[in-house]
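Please look over the sequence and the model together, and then follow the paragraphs below from the overall fold to single residues.

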Amino acid sequence: MVADAALASMGAVRLVGEEEASGAVTAAERGLIESDLSRTLRAALDTEGEGARQVPPQPGDESDLVGRMRQVQNRVQLARRFHNDAVVQIQQIRRLALVRIFRLPGHAPMPVTFEMDDARV
């Protein structure tokens with residue numbers, strides 16, 4: 001189950017600016033696939049419950065892997081929040097009359113926010 005979700009997520013990799021090829025996954029579809037992976041991992045790893053870790057993990061310990069995964073997940077949450085905040089600010093700036101009159105963005109597409117299920121494991 002976890003392996004299937006991980007393989008689907010890895011298959012959804014698409015670089016920014018990459019042309020839409022036949023069978024290519026859109027950014028929205030990729031978000032849904034990654035959200036599915038997050039839910040699957042949360043269901044598989046949440047055996048201890050919230051706040052159950054009181055003892056620091058030991059190197060090589062199975063719970064060390066879960067702890068590192070939680071750290072990575074926190075970084076992903078922060079990165080998504082920073083990205084979405086920057087996108088909202090850029091969208092507001094691009095709506096200003098002066099920016100539109102002088103066509104400062106050129107032909108660049110309007111940036112969009114990225115939403116995904118990134119609740120803690």
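Helices (H or I, at least four residues) and strands (E, at least two) are taken here as DSSP runs, numbered from the N terminus. On that basis the chain has four helices and zero strands, and its elements follow the pattern α-α-α-α along the sequence. This is a predicted model, in which local features need pLDDT of at least 70 and side-chain atom pairs count only at pLDDT 80 or more, while totals for chains, interfaces and linings use all residues. Residues are numbered from 1 along each chain as its sequence is written, and side-chain values use heavy atoms, with hydrogens and water left out.

The confidence of the predictor should be kept in mind while reading. The average pLDDT (the predictor's confidence in each residue, from 0 to 100) is 77 for the chain, and 73% of the residues score at least 70. Among the elements, α4 has the highest mean pLDDT, 96, and α1 the lowest, 73.

Burial is described by relative accessible area: buried means under 20%, exposed over 50%, and partly exposed in between, with a 1.4 Å probe and protein chains only. Of the 121 residues of the chain, 24% count as buried. A contact means heavy atoms within 4.5 Å; among contacts between residues at least 6 apart in sequence, 63% join residues at least 24 apart.

Helix α1 can be placed against α2 through two pairs of residues. Asp-4 is found in helix α1, and its C-alpha lies 8.8 Å from that of Leu-37, although the two are 33 residues apart in sequence. Asp-4 counts as exposed because its relative accessibility is 55%. Met-10, also in helix α1, has its C-alpha 9.4 Å from that of Ile-33, with their positions 23 residues apart in sequence. Met-10 is likewise exposed, because its relative accessible area is 58%.

Within helix α2, which covers residues 27-45, lies Ser-35. Is Ser-35 buried or exposed? Its relative accessibility is 6%, so Ser-35 counts as buried. When neighbours within four places in sequence are set aside, Ser-35 is in contact with Met-116 and Asp-117.

The next feature is an open space. Rolling a probe the size of a water molecule over the atoms shows where empty space is left. On a 1 Å grid over the protein atoms alone, a cavity is a set of points where a 1.4 Å probe fits but cannot get out, whereas a pocket is an open set with protein on both sides within 12 Å along at least five of seven lines, and lining residues have an atom within 4 Å of a point. The second largest pocket has a volume of about 340 Å³, where grid points are joined across faces, edges and corners and the volume is the space filled by probe spheres set on the points. Its lining has 13 residues, and those nearest its centre are Leu-37, Ser-38, Leu-41, Gln-73 and Val-76. Helices α1 (2-11), α2 and α3 (62-94) each supply at least two residues of this lining. By class, the lining has eight nonpolar, three polar and two charged residues; Ala, Val, Leu, Ile, Met, Phe, Trp, Tyr, Cys and Pro count as nonpolar, Asp, Glu, Lys and Arg as charged, and the others, Gly among them, as polar.

Helix α3 also meets the segment that follows α4. Gln-91 is in helix α3 and counts as buried, because its relative accessibility is 16%. Its contacts, apart from neighbours within four places in sequence, are Met-110, Pro-111 and Val-112, and the C-alpha atoms of Gln-91 and Pro-111 are 7.2 Å apart, across 20 residues of chain.

Side chains of opposite charge can pair when their charged atoms come close. A salt bridge is a side-chain nitrogen of Lys or Arg within 4 Å of a carboxyl oxygen of Asp or Glu, and a search of the whole structure finds one. Arg-80 forms a salt bridge with Glu-115, their closest N and O atoms being 3.3 Å apart. The pair links distant parts of the chain, with Arg-80 in helix α3 and Glu-115 in the segment after α4, 35 residues apart. Arg-80 is buried because its relative accessible area is 15%, whereas Glu-115 is exposed because its relative accessibility is 52%.
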